Amino acid sequence: MIRKFLFDGIPSFFYQYDTKTPFVQCTMCETSLATSESYVIEKVFKQNKHLNVSEIVYEYAICMHCANDAGAKISHESRLAINRVIDDHRELLMMKLDYLHRTEKYNLESWLERCSLTGKEIRRCNEYAVSCIVENGNMVFEQGPMVVSDEFMEKLQNVLSVETKQAFDKIRDKVFDGSPSLEDLIFSPAPGLI
Ligand SMILES: [Zn+2]
């Protein structure tokens, strides 16, 4: 059973990496998040195998308006393909959510230990994406917070249409300021999936 539990505020894990304070504006449209009823935060990490630590690659906050815009740019063909991939993993996702809600494990560690869709341990991922929804200043435990492994992202990338990939590239360029060294990263389409 999926319930909705509000964290008191936003866990510092979802703060901005540089300032160690909560995001204040939408990365896309720069609207203040204080006036935004709900928004999404996503962070992508790379595992540094030598130092055995996770390093942040990029992060952003996106208001629901911009998230919906991004979602609308997903082609019909890609949307069907994405749904098929998610459907293949839905049983595991639902089992995990049921367990976490039933046992009231409302702490980030429990939710972010393994890929929400494939069950792959996050410490074994080269790259992974973590996202959450914030509502009126509180992080929501419901379907998320989610963590998506490199394994699942690759599955998604394989089925996306060219148009959809280009639409996501535009978001990525905005987030990255067009930094070319990040070109080969897997871009998580989390905002578009909501
Ligand atoms: Zn926005």
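What share of the 194 residues of the protein counts as buried? The figure is 30%, where a residue is buried if 20 or more other C-beta atoms lie within 10 Å of its own, exposed if 12 or fewer, and partly exposed in between, with C-beta atoms placed from the backbone. The model is predicted: local features need pLDDT of at least 70, side-chain atom pairs count only at pLDDT 80 or more, and totals for chains, interfaces and linings use all residues. Residues are numbered from 1 along each chain as its sequence is written.

The protein has 6 helices and 6 strands; these are DSSP runs numbered from the N terminus, H or I of at least four residues for helices and E of at least two for strands. Along the sequence they come in the pattern β-β-β-α-α-α-β-β-β-α-α-α. The radius of gyration, taken over C-alpha atoms, is 16 Å, close to the 16 Å that the globule rule gives for 194 residues, so the protein is as compact as a globular protein of that length. That rule is 2.2 Å times the number of residues to the power 0.38. The C-alpha trace spans about 40 × 40 × 35 Å along its principal axes. Two residues are in contact if their C-beta atoms, placed from the backbone, lie within 7 Å. Of the contacts with a separation of 6 or more, 71% are between residues 24 or more positions apart.

The strands β2 and β3 are a good place to start. They run antiparallel and are joined by 10 bridges; two strands pair if DSSP finds at least two bridges between them. Phe45 has Ile56 in β3 as its bridge partner. The hairpin of β2 and β3 has 4 residues between the strands, and in it Asn52 takes a positive phi near 60 degrees. Ahead of β2 (38-48), in the loop that follows β1 (5-6), is Glu30. Glu30 also has a positive phi, near 65 degrees, and is not a glycine. Glu30 is exposed, with 10 other C-beta atoms within 10 Å.

β3 also takes part in the largest nonpolar core. Such a core is a set of buried Ala, Val, Leu, Ile, Met, Phe, Trp, Tyr and Cys residues joined through C-beta atoms within 7 Å. The largest one has 22 residues, and those with the most contacts inside it are Cys26, Tyr39, Val40, Ala61, Ile62, Cys63 and Cys66. At least two residues of this core come from each of β2, β3 (53-63), α1 (64-72), β4 and α5 (162-176). β3 gives the largest share, 4 residues. Beyond its neighbours within four places in sequence, Ala61 is in contact with Phe23, Cys26, Thr27, Leu33, Tyr39, Val40 and Ile41. Another core, of 15 residues, lies apart from this one and includes Phe45, Cys125, Val130 and Phe152. In soluble globular proteins, nonpolar side chains tend to be buried together.

Phe152 leads to helix α4 (residues 150-159), whose buried residues are Asp150, Phe152, Met153 and Leu156. They cover an arc of only 160 degrees around the axis, which puts them on the same side of α4; the arc is that of the directions from the helix axis to the C-beta atoms. The face turned away from that side carries the exposed residues Glu154 and Asn158. The buried residues of α4 pack against α2 (76-102), β4 (127-135) and β6 (146-149).

Of these partners, α2 has a kink of about 55 degrees centred on His89, the bend at a residue being the angle between axes fitted to the seven residues ending there and the seven starting there. Just after α2, Glu104 has a positive phi of about 50 degrees. Glu104 is found in the loop between α2 and α3 and counts as exposed, with 11 C-beta neighbours inside 10 Å.

Ser116 lies in the next loop listed here, between α3 (108-112) and β4. Is Ser116 buried or exposed? Ser116 is buried, with 22 other C-beta atoms within 10 Å. Leaving aside neighbours within four places in sequence, its contacts are Leu93, Lys96, Met146, Val147 and Val148. The C-alpha atoms of Ser116 and Phe152 are separated by 9.4 Å, although the two are 36 residues apart along the chain.

One more backbone feature is found at Pro145, in the loop between β5 (138-141) and β6. A cis peptide bond joins Gly144 and Pro145, with omega about 5 degrees.
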